[in-house]
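Colleague: I would like to learn how to read a model of this kind, one feature at a time. Could we begin with the ligand and then move on to the sheets and the backbone?

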Amino acid sequence: MTTAARKLGAERGPALAHGEFDVQRIRADFPILQKKIRGKPLVYLDNAATSQKPRAVIDALVRYYEESNSNVHRGVHYLSERATEEFEGARRTAQRFLNAASPHEIIFVRGTTEGINLVAHSYGRSHIGAGDEVLITGMEHHSNIVPWQMLCKEKGATLRAAPINDDGELIFEEFAKLLGPKTRLVGITHISNALGTVNPVRKIIELAHSRNVPVLVDGAQAVPHQSVDVQALDCDFYVFSGHKVFGPTGIGVLYGKSALLEAMPPYQGGGDMIRSVTFEKTVYNHLPYKFEAGTPDISGAIGLAAALDYITGIGLDKIAAYEHDVLEYATRAVSAIPGVRLIGTAREKAGVLSFLIGDVHPHDIGTILDQQGIAIRTGHHCSQPVMERFNIPATARASLALYNTKEEIDALVRGIGKVREVFA
Ligand SMILES: *Cc1c(COP(=O)(O)O)cnc(C)c1O
């Protein structure tokens, strides 16, 4: 590196200082980021809702349909074998990505929501009964609340939620108190989509296991931002959505420890999940197919694998360091604006900046920012209990991905200035 380049790197911040993370090169991989919105360059800060897709993912989808399309696990012909190979290759990619012990522990599902519903239906219905308890936290996404509520209602069980403090952190002592002899399962988000709080999942899993309680981790907001090792975490289930980690919609992963998955009844019945069927008796297929009834989202899995390869190629530790730097910059800049209140100020945070401006309705914030080509999310972010905890109906939320820049944060700050002008 030349002295000039090193100097430039030092000025731009630590993530770029070693020439390791070239955000402009990364941006060039995402066709949609080159778009103008309402005549302004797109500033996409709604990554917690869904992420944009790199060329590598788009190409993988096109290539699959142009060169390999066929049904999997059935045909003896060339294309079916090729599609099966690519689909199963995608499963091994997901296995490596999470460091699961075996590809059989990777179940392809539609996304986080379906993954949690699968566990609630299959594991939940066979292990949770009247008087039992399921323990979650006060910062869960609705998809890690409602399936447990439905299960508890059906079984006469009780759903408990551990409270969070004013910074949006789990109150660990309260969680430990609620983890009692009746608790049969813990469900916890790795990173909160509404607050950005990073939960101490390793510590939570250790405590739950010391009381023989299995733990499901909702990793939807974690996998795009940091490396995850399910064996190091020792979690029992881990779920995430492809579309939030730069892959296609309609595909996601449920990881489960094989001993648990083996003992669980199937979730849906149909083709592919059976070994033999007569009208008297059906013998179920082995893992992971027992949980993958019907034709799967073949292209989705292949696209997801391309996305996981893409971020692994860049390096999740580098992504985490870079995003941390941008989030700190954004937090400083946005909280310095008069009248701005940050919602979610946990010590450990990733990816998310939720805020309010005076008493301006978040919807109006979103609309004015949109006029400047800035995409953020406004509303309750599928986490109404979090809004209730802070006594607010909604927030404006800017959420980051690896391709966001400090210049985009500057644009957000200027946009918030416009909002303040309009509502002065
Ligand atoms: C988005 C999200 C979900 C739901 O994911 P889907 O892709 O809609 O199934 C669940 N939990 C968290 C933390 C999320 O951010």
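Colleague: Which polar side-chain atom lies 2.5 Å from an oxygen atom of the ligand?

Modeller: Please keep in mind that this is a predicted model. The general idea is to look for pairs of N or O atoms within 3.5 Å, and in this structure a polar side-chain atom of Thr-113 lies 2.5 Å from an oxygen atom of the ligand. A polar side-chain atom of Ser-241 is placed 2.6 Å from a ligand oxygen atom, while Thr-112 contributes a backbone N or O atom, 3.5 Å from an oxygen atom of the ligand. Taken on its own, the ligand has 380 Å² of accessible area, and the protein covers 86% of that.

Colleague: Which residues are around the ligand, and how many of the shell are nonpolar, polar or charged?

Modeller: The residues around the ligand include Thr-112, Thr-113, His-141, Ser-143, Asp-218, Ser-241, His-243 and Lys-244. By class, the shell divides into one nonpolar, nine polar and two charged residues.

Colleague: Turning to the sheets, in what order do the seven strands stand?

Modeller: Strands of a sheet pair through backbone hydrogen bonds, in either the parallel or the antiparallel sense. Here seven strands form an open sheet with mixed pairing, in the order S4-S10-S9-S8-S7-S5-S6. Its edge strands are S4 (106-109) and S6 (158-162), each of which pairs on one side only, and from one strand to the next the twist averages 20°. At the S4 edge, four bridges pair S4 with S10 (residues 252-256) in the antiparallel sense, and Ile-107 stands opposite Leu-254 in S10.

Colleague: Which helices pack on that sheet, and at what angles do they run?

Modeller: Helix H5 (residues 78-98) lies across S4, S9 (237-241) and S10, and runs at about 115° to S4. Helix H7 (residues 146-155) also packs on the sheet, where it touches S5 (133-137), S6, S7 (183-189) and S8 (215-218), its direction making about 145° with that of S6.

Colleague: In the sheet of four strands, why is one side of S13 and of S16 left without a neighbour?

Modeller: This open sheet has the order S13-S14-S17-S16 with antiparallel pairing. S13 (340-343) and S16 (377-379) stand at its edges with a single partner strand each, so one side of each has no neighbour in the sheet. The twist from one strand to the next averages 30°. S13 and S14 (residues 352-357) run antiparallel and are joined by four bridges, with Arg-341 standing opposite Leu-356 in S14. Two helices can be read against S14: H13 (residues 316-335) lies across S13 and S14 at about 5° to S14, and H16 (residues 406-422) lies across S13, S14 and S17 (395-399) at about 20° to S14.

Colleague: Finally, where does the backbone have a cis peptide bond, and which residue that is not a glycine has a positive phi?

Modeller: As a general guide, most peptide bonds are trans, and most residues other than glycine have a negative phi. In this structure a cis peptide bond, with omega of about -5°, joins Leu-287 and Pro-288, and Pro-288 is found in the loop between S12 (282-284) and H12 (298-314). Asn-99, although not a glycine, has a positive phi of about 55°, and its place is in the loop between H5 and S4.

Key:
Residues numbered from 1 in each chain as written. Predicted model: local features only at pLDDT ≥ 70, side-chain atom pairs only at ≥ 80, totals over all residues. Heavy atoms only, no water. Near = heavy atom within 4 Å. Polar contact = N/O pair within 3.5 Å; in protein donor to acceptor, adjacent residues only side chain to side chain. Areas by Shrake-Rupley, 256 points an atom, 1.4 Å probe, with all protein chains shown as cover. Nonpolar A, V, L, I, M, F, W, Y, C, P; charged D, E, K, R; others polar. Pairing = 2+ DSSP bridges. Axes fitted to C-alpha atoms, helices over the stretch in contact; angles between N-to-C directions. Contact = heavy atoms within 4.5 Å.
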